[in-house]
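Q: Please take a close look at one salt bridge in this model. Describe its two partners and their setting, then place it among the other parts of the structure.

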Amino acid sequence: MYLLFDIGGTTTRIAISKDGRQFVEPKYVPTPASYREGLDALIATGKHFAGDKKIEGVSGGIAGPLDAAHTTLANSPHLPDWVDKPFKRDLEKAFRCPVYLENDAAFVGLGEATDGAGRGFGIVAYVTVSTGVGGVRIVDGKIDRNAYGFEIGHQIIDINGPLCATCAMPGHLEEYISGTSLERKYKMRPSDITDPDVWRESARVLSYGLNNVMVHWSPELIILGGAIMRKGPREFFQQTRDYFEQTVKIYPKLPRVERSVLGDIGGLHGALVHLNQSLEKYRT
Ligand SMILES: [Zn+2]
């Protein structure tokens, strides 16, 4: 029995894998603002799912950058009460088994690269436009080695741009196109925004972000996912792809840009893939 989770800025998904290969219908709960409540819910759900069986591994993503040892959330505008709490240790104490934590976007990207739109590709860049903006580089089915995590939402698009709500530095990508910033700017839920100019402009700004992803990460495939990308108008994806082609001129040929295909459970797929990779190392 393995416990998988994906703690997003808004929604948490929890699932159990009995065999380490598949997981059952995930449970969705709103992510509690309180760390204690979130931890208790996770432990209670895990124990309820497991019944009298032992949980042998726990793996999950959480919205925000982690500390270097992947034991706690290091910073988060969406979940401030979770920051610096001993999350890994608390889960180890509750389940008495190995626990693996990762940035949520990194696990979604890993899931998409291995079980979703990226199957068969060696170097995949995953970009999510959701409550925030994030991404990950996946190489040969693994999260690429990194010292501090990937934070492409905080790349600078305009040095004279508005201050990022998270870092208070100018012109970060997330400040233009994340669900949080669209909602703040247009005073409505992003899914209610129908003005085509808003989406066209968002697509244009995102294509600059993808230009930077391309020149730094050199992927064979770029996958676009996240709630805003999935639930926004269909043209948002197509326009992003078109602007990307108009923006990136340094290469004779560009990689494919595809939509994510695993819906909102990509993070659970990634958590399971990572759990298997980590347990293999742990056991040898
Ligand atoms: Zn920022």
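A: In this predicted model, the side chains of R204 and E201 form a salt bridge, with an N to O distance of 3.0 Å. Both residues belong to helix α6, which covers residues 196-217. R204 and E201 are three residues apart there, so about one helical turn separates them. Neither partner is buried: R204 has a relative accessibility of 30% and counts as partly exposed, and E201, at 37%, is also partly exposed.

The structure has ten salt bridges. One of them joins R36 and D40, at 3.7 Å from N to O. These two residues lie in helix α1, four residues apart, so they too are separated by about one helical turn. R36 is partly exposed at 48% relative accessible area, and D40 is partly exposed at 40%.

A further salt bridge links the side chains of D6 and R13, with 3.5 Å between N and O. Here both partners are buried: D6 has a relative accessibility of 5%, and R13 has 13%. Buried means under 20% relative accessible area, so D6 and R13 both fall below that limit.

Helix α6 also has a part in the nonpolar interior. The largest nonpolar core has 54 residues, and those that touch the most other members are V127, I143, I177, L206, I222 and L224. Helix α6 gives this core its largest share, nine residues. The core lies between domain 1 (2-104) and domain 2 (117-261), because both contribute residues to it. In soluble globular proteins, nonpolar side chains tend to be buried together.

L224 shows the surroundings of one core member. Leaving aside residues up to four places away in sequence, L224 touches V127, L210, M229, F237, T240, V257, E258, R259 and S260. A separate core of 25 residues lies apart from the largest one, and its members include I43, L66, F87 and L91.

L210, one of the contacts of L224, also gives a reference point for the loop after α1. D52 sits in that loop, between α1 (35-50) and β4 (57-62). D52 is exposed, with a relative accessible area of 76%. The C-alpha atoms of D52 and L210 are 47 Å apart, and the two residues are separated by 158 residues along the chain.

Key
Residues numbered from 1 in each chain as written. Predicted model: local features only at pLDDT ≥ 70, side-chain atom pairs only at ≥ 80, totals over all residues. Heavy atoms only, no water. Buried < 20%, exposed > 50% of the residue type's maximum accessible area, 1.4 Å probe, protein only. Salt bridge = Lys/Arg side-chain N within 4 Å of Asp/Glu carboxyl O. Core = buried A, V, L, I, M, F, W, Y, C linked by side-chain atoms within 4.5 Å. Domains from an automatic or database assignment. Contact = heavy atoms within 4.5 Å.
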